[in-house]
Amino acid sequence: MSYIATGIEKMFQSVELERQIRRLHRAVGNAVVDDKHVVFAAGSIQLINALVHALSPDANAASPPARVVATAPYYPIYRTQTKMFDGREYRWGGTTALWVNASRNSTDGFIEFVTSPNNPDAQLYEPVLGGSAPVIVDHAYYWPHFTHIPAPADEDVMMFTMSKPSGHAGSRFGWALIRDENVAKRANDYVQNSIMGASRDTQLRMLGIVKIMLANLHGKEDIFAFGHDVMRTRWRRLNAVVSRSRRISLQRMAPEYCTYFKRIREPSPGYAWVKCEMEEDDDCYEALLKAKIITRSGARFEASSRYTRLSLLKTDDDFEVLMERVTDLVNAENYDE
Ligand code: PMP
């Protein structure tokens with residue numbers, strides 16, 4: 001198997017896989033692809049740095065390094081990966097809250113990450129800096145099993161991954177949709193220089209998966225209908241237990257109209273953003289750990305440690321164990337009325 005997949009321009013990318021991914025976006029209605037370039041990578045994690053590089057001032061330019069920012073709570077790898085490469089082209093600039101006022105006059109030199117739906121709190125978000133700051137929108141969860149799809153996403157730079165829609169996280173495959181040709185070229189050069197293109201074995205496997213997803217859309221084996229059903233049931237069950245608690249609460253989510261299902265659908269987030277309400281539980285992660293529930297502390301997302309993220313993306317068996325433990329935690333609450 002050679003390095004070279006097909007195309008002349010992007011010779012490490014399967015032309016057929018790119019075509020099928022475009023078809024999938026059109027059929028699901030979650031992204032406008034016709035005026036975008038597609039850049040493959042080894043998971044969307046690799047795209048974080050590829051896109052920051054592509055949007056930063058050229059290494060030969062005299063301009064200062066770009067400041068890379070995100071609004072808390074945000075996916076921590078934007079920070080850890082940007083910091084790892086901090087240097088001439090760009091550096092980590094912290095949360096947008098530090099800059100919103102300062103940047104009111106000018107947003108020059110910023111690159112903003114937005115995750116929509118967000119990891120950890122599953123809300124749909126928009127950029128906050130505005131102005132001329134380029135935005136990288138991470139749409140890892142913008143698929144109909146995790147969120148309603150109000151309209152096809154049409155930002156200049158978007159990230160997608162196969163890790164979430166089909167669950168093939170270990171195959172390591174992500175792609176960017178990029179409007180500007182030069183930005184796409186720089187992102188593509190980054191992937192070529194670091195790994196000579198996404199694994200061809202993985203590209204072949206992804207081709208099979210995307211074709212099956214497409215063939216079953218709106219049918220009996222629709223992966224999105226199946227996934228939505230599973231995630232909605234989990235969210236409903238978790239809410240039913242937590243609603244009896246005064247100690248912990250969850251983010252509020254409302255049913256919303258979805259253009260894919262063409263109806264109002266119940267929420268089905270991948271993550272619960274748990275808040276510990278009692279004064280003594282100021283470290284929510286520790287409070288849940290005592291009940292043998294492993295979460296990810298809010299502090300990791302640069303939010304308060306009063307919050308912690310509970311993943312609902314797990315096997316049925318693990319979810320049942322989780323429900324038992326959350327139920328025990330809530331049942332143990334005892335108040336003198
Ligand atoms: N972005 C977000 C918001 C994520 O939650 C994840 C995975 N947890 C990723 C990117 C990385 O995904 P990939 O497996 O495609 O590298």
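This is a dialogue on reading the sheets, helix packing, ligand shell and backbone exceptions of a predicted model.

Me: In what order do the strands of the seven-stranded open sheet run?
Reply: Strands of a sheet pair through backbone hydrogen bonds, either parallel or antiparallel. Here the order is β1-β7-β6-β5-β4-β2-β3, and the pairing is mixed. β1 (37-41) and β3 (90-95) are the edge strands, each pairing on one side only. On average, neighbouring strands are turned by 25 degrees against each other, direction ignored.

Me: How many bridges join β4 to β5, and are the two strands parallel or antiparallel?
Reply: β4 (residues 110-115) and β5 (residues 135-138) run parallel and are joined by four bridges. One residue pair to look at is Phe113 with its bridge partner in β5, Ile136.

Me: Which strands does α3 touch where it packs on this sheet?
Reply: α3 touches β2 (66-70), β3 and β4, and its direction makes about 150 degrees with that of β3. Helix α4 (residues 181-195) also packs on the sheet, touching β1, β6 (157-161) and β7 (174-178). The direction of α4 makes about 15 degrees with that of β1.

Me: At what angle do α2 and α3 pack?
Reply: Helix α2 (residues 44-55) and helix α3 (residues 77-85) make an angle of about 55 degrees, and their axes are 10 Å apart. The two helices are therefore oblique to each other. Their crossing is right-handed. On the α2 side the contact consists of Ile45, Ile48, Asn49 and Val52, which meet Ile77, Tyr78, Gln81, Thr82 and Phe85 of α3. Sorted by class, this contact has six nonpolar, three polar and no charged residues.

Me: How should the pair α6 and α8 be read, as roughly parallel or roughly antiparallel?
Reply: Start from the angle: α6 (residues 223-242) and α8 (residues 316-331) pack at about 15 degrees, with axes 9 Å apart. Angles under 35 degrees count as roughly parallel, and α6 and α8 are therefore placed in that class. The crossing of α6 and α8 is right-handed. Arg234, Arg237, Leu238, Val241 and Val242 of α6 make the contact with Phe319, Met323, Val326, Thr327 and Val330 of α8. By class, the contact has seven nonpolar, one polar and two charged residues.

Me: What is the strand order in the four-stranded sheet?
Reply: This open sheet has the order β8-β11-β13-β12, with antiparallel pairing. β8 (248-249) and β12 (296-297) are at the edges with a single partner strand each, so one side of each has no neighbour in the sheet. β12 pairs with β13 (residues 307-311) over two bridges. Arg296 is opposite Arg309 in β13.

Me: Which residues surround the ligand?
Reply: The shell consists of Gly43, Ser44, Ile45, Tyr75, Thr115, Asn119, Asp138, Ala140, Thr161, Ser163, Ala169 and Gly174. By class it has four nonpolar, seven polar and one charged residues.

Me: Where are the cis peptide bonds before Pro73 and Pro117?
Reply: Most residues other than glycine have a negative phi, and most peptide bonds are trans. The bond from Ala72 to Pro73 is cis, with omega near 0 degrees, and Pro73 lies in the loop between β2 and α3. The bond from Ser116 to Pro117 is cis as well, with omega near -5 degrees; Pro117 is in the loop between β4 and β5.

Me: What is the phi of Arg172?
Reply: Phi of Arg172 is near 60 degrees, a positive value in a residue other than glycine. Arg172 is in the loop between β6 and β7.

Note on methods: Residues are numbered from 1 along each chain as its sequence is written. This is a predicted model: local features need pLDDT of at least 70, side-chain atom pairs count only at pLDDT 80 or more; totals for chains, interfaces and linings use all residues. Axes are lines fitted to C-alpha atoms, for helices over the stretch in contact, and angles run from 0 to 180 degrees between N-to-C directions. Angles under 35 degrees count as roughly parallel, over 145 as roughly antiparallel, 65 to 115 as roughly perpendicular and the rest as oblique. A crossing is left-handed if the near helix is turned anticlockwise from the far one by less than a right angle, and right-handed if clockwise. Two residues are in contact if their C-beta atoms, placed from the backbone, lie within 7 Å. Ala, Val, Leu, Ile, Met, Phe, Trp, Tyr, Cys and Pro count as nonpolar, Asp, Glu, Lys and Arg as charged, and the others, Gly among them, as polar. Two strands pair if DSSP finds at least two bridges between them. A residue is near a molecule or strand if its C-beta atom, placed from the backbone, lies within 6 Å of it.
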